[in-house]
Amino acid sequence: MTSAVTKARDVMREARQRASSAGHSVATGAAAPGVVLPDLLGADLSGVRIEAIRDKVTAAQRVTPLEGLWLLTRAPLAELAALANTWRFRYNPERRVTFVIDTNPNYTNYCDADCLFCAFYRRPGDTREGYVQSVSELMDSIGRSVDLGATTVLLQGGLSDELPFEYYLDVVRAFRDRFPDVHPHLFSPPEIGKMREVSSLGYEEIFAALFEAGLRTMPGGGAEILSDRVRARISPKKQSAREWLEIHRAAHRGGLRTTATMMYGHAEQPPDVIEHLECLRRVQDDAGNGGFTAFIPWSYKAANTPMERQFPDSPGPVVYLRVLAVSRIYLDNVRHVQASWFSEGKKAGQVALHFGTDDFGGTLIEENVLHLAAHEVETTTEETIELIREAGFQPARRQTPLYDVVESY
Ligand code: SF4
């Protein structure tokens, strides 16, 4: 372990030098939560003009937080679609829509974060329903999905004090050894935070060690809404918005690419959504040519979660389309925005392709988290191809979260 970390520190130093010589920021300044929220709460939107926004989008200029809030709450839906598509086709000029054959297994469901929106976790000590997979059990389960064609594995778990940092490194090494042609997309920021707790290492050392073991991308789960007043209501024990953002910054400095997510439809208000997007946009500004590969929003699924009674209703497809389109317009420095057939339904996923998105997500051979919230939707590669075609686009399969297209249909 010591030599792995020492070696990892060297790798990190080299990565920092690479970033520095490429002109990327290596400063640790955070996009603190609340950066624009105070200005947006109760803001007067009467001065916002759609003509000015149209001109900005046409000229590839940035919209302001106030304009973002107006778009989210007041813009006509058709206007939003047109503006979002301007950005979508600027970044992705072809009528191509990508997807990936992937799987989302979990190595443990033990978790001490007690998020009120989560139906997946079990408390530490729950011997009836709790589990931790050994590295070899995990590899066997991943192997079953690889046999079915998975080219990317998105792996996440609960937050457990019982797992040492070496476990995570072993997972990455075993993965690289056993599935050299499959992409490991492992461990979201809350898990990285737990690795820091159990190892006492800094984020830079953690990412350097993970990089050395073979990890190149990190999924952006655990974002929910990057506004601490919302997090205090739905996940008070989980890392803060600032921490989540800092972990992405550390990953980017360490040479990893990451994805950004958002789970909306619970305790947030529209200004919190814009705060979230603003935080992401600032992190991406500082990431140079790397950073986030994609943004992926989805709505909260209430069933079987502790806050089901508090927020029982799904926001529905129209809100989803608004969130997607505004995200595409606001995140002018993120190349891909993903539509989700899985979280919003296949028909809404198809419509979403006309609201600024250019990717249809993964086929999800295995998925447990939303399944336990009574959300059960399945697809196949053939159906995914057909859904994209039926929506008026050309399907193309990518291998990994890095948008490397390997086959068009
Ligand atoms: S969402 Fe993640 S961190 Fe929160 S309780 Fe569930 S498993 Fe734990």
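Where in the chain does Asp 114 lie? Asp 114 sits in the loop between β2 and α6, and that spot is where the close-ups of this predicted model begin.

**View 1. Asp 114, a loop residue beside the ligand.** The loop that holds Asp 114 runs between β2 and α6. Asp 114 isn't a glycine, yet its phi is positive, about 50 degrees. Is Asp 114 buried, exposed or partly exposed? It counts as partly exposed, because it has 14 C-beta neighbours inside 10 Å. Asp 114 is also one of the residues around the ligand.

**View 2. The shell around the ligand.** Which residues surround the ligand? They are Cys 111, Ala 113, Asp 114, Cys 115, Cys 118, Phe 120, Tyr 121, Gly 158, Leu 159, Pro 190, Ser 235 and Lys 238. Sorted by class, this shell has 8 nonpolar, 2 polar and 2 charged residues. Pro 190 turns up again in View 5, as one of the buried residues of helix α8.

**View 3. Strand β3 and its two partners.** Strand β3 covers residues 152-155. Thr 152 and Leu 154 point one way from the strand, while Val 153 and Leu 155 point the other way, and all are buried. Strand β2 (residues 102-103) pairs with β3 in the parallel sense, over 2 bridges. Look for Asp 102 here: its bridge partner in β3 is Thr 152. β3 also pairs with strand β4 (residues 183-186), again in the parallel sense, this time over 4 bridges. On that side, Leu 154 stands opposite His 185 in β4.

**View 4. The helices that link these strands.** Start at β2, follow helix α6 (residues 135-147) and end at β3: together they make a right-handed β-α-β unit. Now carry on from β3 through helix α7 (residues 165-178) to β4, which gives a right-handed β-α-β unit as well.

**View 5. Helix α8 and the residue after it.** Helix α8 takes in residues 189-199. Its buried residues are Pro 189, Pro 190, Glu 191, Ile 192, Gly 193, Lys 194 and Met 195. What do they pack against? The buried residues of α8 pack against α7, α9 (203-213) and α11 (241-253). Right after α8 comes Ser 200, in the loop between α8 and α9. Ser 200 has a positive phi of about 65 degrees although it is not a glycine. Ser 200 is exposed because it has 8 other C-beta atoms within 10 Å.

**View 6. The largest nonpolar core.** How many residues does the largest nonpolar core have? It has 112, and those with the most contacts inside it are Val 172, Phe 295, Leu 324, Ala 325, Ile 329 and Ala 352. Helix α13 (residues 316-330) gives the most to this core, with 8 residues. Zoom in on Ala 325: leaving aside residues up to four places away in sequence, it touches Leu 80, Ala 81, Leu 83, Ala 84, Phe 355 and Gly 356.

**View 7. Strand β10 between β1 and β11.** Strand β10 (residues 394-398) is mostly covered, with 4 of its 5 residues buried. Strand β1 (residues 96-100) and β10 pair in the parallel sense over 5 bridges. Here the bridge partner of Phe 99 is Arg 397 in β10. Which way do β10 and strand β11 (residues 405-408) run, parallel or antiparallel? They run antiparallel, joined by 3 bridges, and Ala 396 stands opposite Ser 408 in β11. β10 and β11 form a hairpin with 6 residues between them. In the turn you'll find Tyr 403, whose phi is positive, about 60 degrees.

**View 8. Glu 378 out on a loop.** Glu 378 lies in the loop between β9 (359-362) and α16 (381-390). Why does Glu 378 count as exposed? It has 11 other C-beta atoms within 10 Å, and a residue is exposed if it has 12 or fewer. Phe 342 is 36 residues away along the chain, yet the C-alpha atoms of Glu 378 and Phe 342 are separated by 7.4 Å.

**View 9. The protein chain, zoomed back out.** The secondary structure comes to 16 helices and 11 strands. Of the 409 residues in the protein chain, 52% are buried. Take the contacts between residues at least 6 apart in sequence: 80% of them join residues at least 24 apart.

Methods
Residues are numbered from 1 along each chain as its sequence is written. This is a predicted model: local features need pLDDT of at least 70, side-chain atom pairs count only at pLDDT 80 or more; totals for chains, interfaces and linings use all residues. A residue is near a molecule or strand if its C-beta atom, placed from the backbone, lies within 6 Å of it. Ala, Val, Leu, Ile, Met, Phe, Trp, Tyr, Cys and Pro count as nonpolar, Asp, Glu, Lys and Arg as charged, and the others, Gly among them, as polar. A nonpolar core is a set of buried Ala, Val, Leu, Ile, Met, Phe, Trp, Tyr and Cys residues joined through C-beta atoms within 7 Å. A residue is buried if 20 or more other C-beta atoms lie within 10 Å of its own, exposed if 12 or fewer, and partly exposed in between; C-beta atoms are placed from the backbone. Two residues are in contact if their C-beta atoms, placed from the backbone, lie within 7 Å. Two strands pair if DSSP finds at least two bridges between them. A crossover is right-handed if, with the strands pointing away from the viewer, the path from the first strand over the helix to the second runs clockwise.
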